[in-house]
Amino acid sequence: MNEVGARENIDERNAWRFVGGFTGDVVEGWTYDAYYLFARTRNSQIQNGNISNSRLRAALRTEIDPDTGALRCADATARDQGCVPANVFGEGALSDEAAQYVAITAANSEISQLQVASGSVTGNLFDLGAGPVGLALGAEWRSVSSEFIPDFSLASGDVIGFNAGQATSGRYSVKELFGEIRAPLLADVPFAHRLELTGAARYSDYSLDAVGSVFTWAAGGEWAPIPDVTLRGQYQRAIRAPNVEELFGGQEQGFPPAIDPCSDRSPETQTAAVRALCIATGVPAGAVFTTGVQPDAQIEGSFGGNPELEEEKSDTYTLGAVLRPDFAPGLNLTVDYYHIKVKNYITELGGGLSNVLDLCYNVVQDINDPYCQAIQRNPGGDINIVQVNNANVASLTTSGIDFQVDYSLDLDFGLFDTNESRLTFFFLGTWVDKWTYTPVVELPDKVDCVGQFGATCDDPIPEFRYTTRVTWDTGPLQLSVRYRWIDKLKDDRIKNADTPPSQLAKAALGDQHYFDLTALYNVNEDVQLSFGINNLFNNKPPLTGDAQEQSNTFPGLFDVLGRDYFLSATVRF
């Protein structure tokens with residue numbers, strides 16, 4: 001309804017952070033470092049241009065006033081609240097009075113808070129001949145809390161275009177002990193300019209019952225056969241505890257497209273086992289495999305947090321090399337291969353509502369299984385709602401290569417009465433070899449997301465992407481230009497769902513190019529000014545249709561602001 005104005009969000013964000021600590025010597029060769037941190041962020045959002053569902057319904061239910069013969073709202077209570085009949089037949093037909101009545105301003109707030117108290121001691125144990133063995137020991141306490149507060153209209157679902165969503169509130173804390181060690185084994189001997197091993201371990205005790213106590217660790221090493229070449233590798237076991245939203249997120253409505261296995265389908269899917277389970281889950285025997293079981297193409301689901309979530313677990317190993325050739329001073333090259341596997345991955349139960357139905361009726365076929373228990377039916381056999389809360393049901397595997405090049409060169413000319421300057425080149429890129437996602441471990445299907453975008457893969461995964469920057473320093477002035485490149489992408493439904501490209505709004509996205517400029521000037525030792533332009537040529541984000549994160553594109557990857565400018569000053573005193 002254009003008559004009520006554009007739909008827009010106005011955000012106001014306030015954040016503050018306090019850190020205080022102490023550092024000093026314990027004994028000779030050993031130091032301590034302790035600090036406390038408190039941070040709080042609040043975001044308030046006002047939404048304009050929305051329509052009230054209840055008011056619009058009241059404004060469309062009209063009758064003739066028997067006393068005046070004029071059109072009026074049929075509901076007496078609505079009339080007392082200022083209801084004005086709404087004519088929606090034709091552009092501009094809605095009167096200003098009706099537009100003012102059906103329009104609604106919605107608001108919500110988000111508050112997050114973090115506290116950290118940490119302390120560590122660092123020092124050297126003994127010398128193995130190649131250098132001292134370094135050790136660090138410490139303890140840490142963290143407390144995390146978050147809150148989402150929608151107003152009544154948003155929470156109840158009265159704002160058209162927004163499903164009802166409850167408030168979110170929760171917190172948890174963790175106490176940890178950690179240690180790290182570095183042991184130089186060889187130095188300046190044949191085939192071992194440097195050889196050292198590293199190790200780290202951390203014990204964490206979460207206030208979350210489902211996570212409890214966990215142990216993580218890492219081990220690695222570096223070997224430089226000659227000064228110009230360093231080889232390195234590491235293995236790491238890590239965990240990620242669920243966040244507040246995943247744990248305590250309020251229930252939200254959703255209506256995804258799905259097929260009820262108990263409805264009218266092809267004969268090959270109408271097995272005796274499915275029929276028996278349909279009856280056991282509440283479908284009348286005479287209604288099984290009839291069109292009345294699923295009157296709509298969409299099925300209502302309830303989505304939200306799960307306080308029983310466990311931690312995600314990952315195993316990572318990396319192998320890499322660092323090259324600093326003596327014949328090219330100022331040149332550094334690094335390349336690292338990584339392989340990461342995440343188990344107990346947190347996602348929606350079953351990987352989504354449609355998968356819950358498939359798992360219940362076609363895979364596990366057990367009425368007591370959590371997938372079947374999530375389905376609630378009406379007396380007539382149609383589905384009332386499916387509880388699709390978060391669960392530890394998925395897995396993820398990814399691998400690739402990261403590479404970096406930086407090179408600096410001294411020049412014999414410059415500005416500001418100087419005869420010298422420095423030119424620096426920096427390049428950072430990544431190649432994704434594998435990014436496979438298994439939405440639910442009970443199903444063998446894997447989703448390949450390399451070079452894909454869309455609803456199945458969520459965030460786009462370009463196969464290649466890189467950033468390069470050239471910087472010129474002369475006297476107090478620094479000028480730099482940055483170039484960002486993102487590889488082309490395809491809609492993931494082509495590869496993972498065999499969807500013909502002709503059926504998609506945007507089957508592919510071209511590669512993206514961004515140029516940024518920055519100028520920095522040191523007025524003196526205490527004052528620094530900087531100015532810049534991001535997205536110099538105003539590259540607009542590619543539009544993707546329904547396969548999108550927000551606003552028909554992916555703001556997490558593409559620049560949605562267009563050309564923007566920034567100016568900042570840093571003052572030290």
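Two aromatic rings, from Phe, Tyr or Trp (its six-membered ring), count as a pair if their centres lie within 6.5 Å. With that in mind, welcome to this predicted model. Phe403, Phe427, Tyr466, Tyr483, Trp485, Phe515 and Phe537 come together as one aromatic cluster. A search of the whole structure turns up 15 aromatic pairs, and one of them is a good place to practise.

**A pair to look at: Trp16 and Phe38**

- The ring centres of Trp16 and Phe38 are 5.3 Å apart, with the ring planes at 35 degrees, so this pair is tilted.
- Trp16 sits in strand S1 and Phe38 in strand S2; with their positions 22 residues apart in the sequence, the pair links distant parts of the chain.
- Trp16 has a relative accessible area of 49%, which means it is partly exposed, because exposed requires a value over 50%.
- Phe38 has a relative accessible area of 16%, so this residue is buried; the cut-off for buried is under 20%.

**A charge over a ring**

- Now find Tyr101: Arg55 lies over the face of its ring, 5.5 Å from the ring centre.

**The loop between the strands**

- Strand S1 covers residues 8-27 and strand S2 covers 30-51, and Glu28 is in the loop between them.
- Glu28 counts as exposed because its relative accessibility is 79%.
- Try locating Asp228 as well: Glu28 and Asp228 are 200 residues apart in sequence, and their C-alpha atoms are 34 Å apart in space.

How values were computed. Residues numbered from 1 in each chain as written. Predicted model: local features only at pLDDT ≥ 70, side-chain atom pairs only at ≥ 80, totals over all residues. Heavy atoms only, no water. Helix = DSSP H or I, 4+ residues; strand = E, 2+ residues; numbered from the N terminus. Buried < 20%, exposed > 50% of the residue type's maximum accessible area, 1.4 Å probe, protein only. Phe/Tyr/Trp six-rings, centres within 6.5 Å; stacked < 30°, edge-to-face > 60°. Lys NZ or Arg CZ within 6 Å of the ring centre and 35° of its normal.
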